[in-house]
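Work through these exercises with the sequence and the model side by side. Try each task before reading its solution.

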Amino acid sequence: MRVVMHKEATADDIAHVVRVIEARGYSARPIQGGERMAIGILHNRGPVDPNWVLSLPGVKEVIPVTRPYKLVSREFHPQDTVITVGDVRIGNGSLVVIAGPCAVESEEQALTIARHVRRAGAHLFRGGAFKPRTSPYAFQGLGEKALRILAKVRKETGLPIVTEALDHTVYDLVEEVADVVQIGARNMQNFTLLRRAGHSSKPVLLKRGMSATLEEWLMAAEYILEGGNPHVILCERGIRTFTDHSRNTLDLSAVPVVRKESHLPILVDPSHACGRRDQVIPLSRAAVAVGADGIMVEVHHRPEEALSDGAQSLYPDQFQKLCEEIAPMAALYTRALKPGITVGSPKALAST
Ligand code: PEP
Ligand code: MN
């Protein structure tokens with residue numbers, strides 16, 4: 001249930017409502033809206049009678065929240081959440097581009113790719129230090145060494161870093177370096193990890209599990225918000241279907257539904273969805289058209305030598321082309337790009 005306060009409600013009124021809710025054994029979560037405060041009621045089992053709240057000073061109205069996810073739902077929080085990472089805003093109507101290799105393989109590799117993607121117009125750099133691999137014999141990532149490399153990449157290029165925390169035991173290490181901590185598809189329902197992310201002040205990029213329904217995905221996000229971290233970015237990365245023309249099936253229909261259901265920003269990762277370089281650019285265009293807040297794509301300067309996901313990694317010139325293609329599309333869908341920089345424009349090139 002969401003308790004909406006009058007614009008004129010005082011801090012004392014709000015504190016009083018919180019106390020009354022908590023005295024009933026529920027938890028109260030103040031939410032700052034555009035013009036007025038709201039207070040969410042959580043941890044109630046079954047419906048709550050609105051009358052005892054409605055009579056409290058400063059209360060304007062009480063709106064029932066019908067969805068199983070509360071904090072992530074639009075019913076609870078009607079305004080879009082905008083997440084700030086350095087000078088990048090995610091979810092404010094601009095189109096964000098995250099790019100980089102699947103895994104950090106060496107300093108030279110990460111820096112080379114970061115310089116390429118920055119020049120083309122990427123806003124954030126991605127690269128795995130701890131890799132979730134299907135085979136225990138596959139490259140598992142350079143771990144802490146990769147985190148040191150990522151810190152260097154940020155220092156040299158200014159690009160904020162997105163990297164994955166594979167489990168709760170490495171979270172401290174990862175959040176020290178990462179500007180955005182990724183929780184991968186295979187970990188979407190790792191509840192210990194979700195709870196750890198809830199205690200972090202760093203934004204979390206939560207990928208959709210490859211067999212997760214939208215409700216399961218939003219419930220996973222709910223764990224993080226419930227834990228106290230409101231900075232969650234959702235990322236659709238393809239789901240398991242019967243198709244064999246691509247690694248997974250990019251579920252673009254999730255984007256408008258999530259946008260309607262939730263205030264959290266939503267990105268699309270076409271690389272892991274298709275697993276094939278030739279499908280990444282068309283699917284990225286589709287992601288922009290369907291209204292995603294941004295895309296995350298894998299790029300490698302020598303994909304044939306990549307230690308993971310080379311087949312889906314774009315060459316730098318393809319990434320440049322992709323940025324050039326989506327810039328006018330972003331404008332068409334009223335998604336401004338980073339202020340002062342047009343993706344793929346000569347200005348972006350000059351700013352490196
Ligand atoms: C990744 O982004 O590197 C990754 C492993 O993605 P996913 O969890 O979506 O498979
Ligand atoms: Mn990958």
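The exercises below cover a sheet, a metal site, a helix pair and one loop residue in this predicted model.

**Exercise 1. Work out the strand order of the open four-stranded sheet, and name its edge strands.**

Solution.
- Step 1: Start with strand E1, residues 2-5. E1 pairs with strand E4 (residues 59-63) over four bridges, in the antiparallel sense.
- Step 2: Look for another partner of E1. Three bridges join E1 to strand E3 (residues 37-42), and these two strands also run antiparallel.
- Step 3: Extend from E3. E2 and E3 pair over six bridges, again antiparallel.
- Step 4: Read off the order, which is E2-E3-E1-E4. The edges are E2 (27-32) and E4, since each pairs on one side only.
- Step 5: Add the twist. From one strand to the next, it averages 25°.
- Step 6: Place the helix. Helix H1 (residues 11-23) packs on the sheet and touches E1, E2, E3 and E4. The direction of H1 makes about 5° with that of E3.

**Exercise 2. Find the residues that stand opposite Met5, Arg2 and Gln32, then sort the side chains of E1 by direction.**

Solution.
- Step 1: Take the E1-E4 pair. Met5 stands opposite Val59 in E4.
- Step 2: Take the E1-E3 pair. The bridge partner of Arg2 in E3 is Gly40.
- Step 3: Take the E2-E3 pair. Gln32 faces Met37 of E3 as its opposite residue.
- Step 4: Recall the general rule. In a regular strand, side chains alternate between the two faces of the sheet.
- Step 5: Apply the rule to E1. Arg2 and Val4 point one way, while Val3 and Met5 point the other way. All four of these residues are buried.

**Exercise 3. Which residues coordinate the manganese ion (ligand 2), and which parts of the chain does the pair Cys102 and Asp309 tie together?**

Solution.
- Step 1: List the donors. They are Cys102 (SG), His272 (NE2), Glu298 (OE) and Asp309 (OD), at 2.0 to 2.4 Å.
- Step 2: Write their spacing along the chain as C-x169-H-x25-E-x10-D.
- Step 3: Locate two of the donors. Cys102 lies in the loop between strand E7 (96-100) and helix H3 (107-120). Asp309 lies in the loop between strand E14 (294-298) and helix H11 (316-332). The pair therefore ties together parts that are 207 residues apart in sequence.
- Step 4: Check burial, for which the cut-off is under 20% relative accessible area. Cys102 has 3%, so Cys102 is buried. Asp309 has 19%, so Asp309 is buried too.

**Exercise 4. Describe how helices H6 and H7 pack.**

Solution.
- Step 1: Get the geometry. H6 (residues 191-198) and H7 (residues 214-226) pack at about 40°, and their axes are 6 Å apart.
- Step 2: Classify the angle. It makes H6 oblique to H7.
- Step 3: Give the handedness. The crossing of H6 and H7 is right-handed.
- Step 4: Name the contact residues. H6 supplies Phe191, Leu194, Arg195, Ala197 and Gly198. H7 supplies Ala220, Tyr223, Ile224 and Glu226.

**Exercise 5. Where is Lys202 found, and what does Lys202 touch?**

Solution.
- Step 1: Find the loop. Lys202 sits between H6 and strand E11 (204-207).
- Step 2: Judge exposure. Relative accessibility is 23%, so Lys202 counts as partly exposed.
- Step 3: List the contacts beyond four places in sequence. They are Glu175, Glu176, Ala178, Asp179, Val181, Asn229 and His231.
- Step 4: Check a C-alpha distance. Lys202 and Val180 are 22 residues apart along the chain, and their C-alpha atoms are separated by 6.1 Å.

Methods
Residues numbered from 1 in each chain as written. Chains lettered and ligands numbered in written order. Predicted model: local features only at pLDDT ≥ 70, side-chain atom pairs only at ≥ 80, totals over all residues. Heavy atoms only, no water. Buried < 20%, exposed > 50% of the residue type's maximum accessible area, 1.4 Å probe, protein only. Pairing = 2+ DSSP bridges. Donors = N, O, S within 2.8 Å, 3.2 Å for Na, K, Ca; no water. Axes fitted to C-alpha atoms, helices over the stretch in contact; angles between N-to-C directions. Parallel < 35°, antiparallel > 145°, perpendicular 65-115°, else oblique. Left-handed = near helix turned anticlockwise from the far one by under 90°. Contact = heavy atoms within 4.5 Å.
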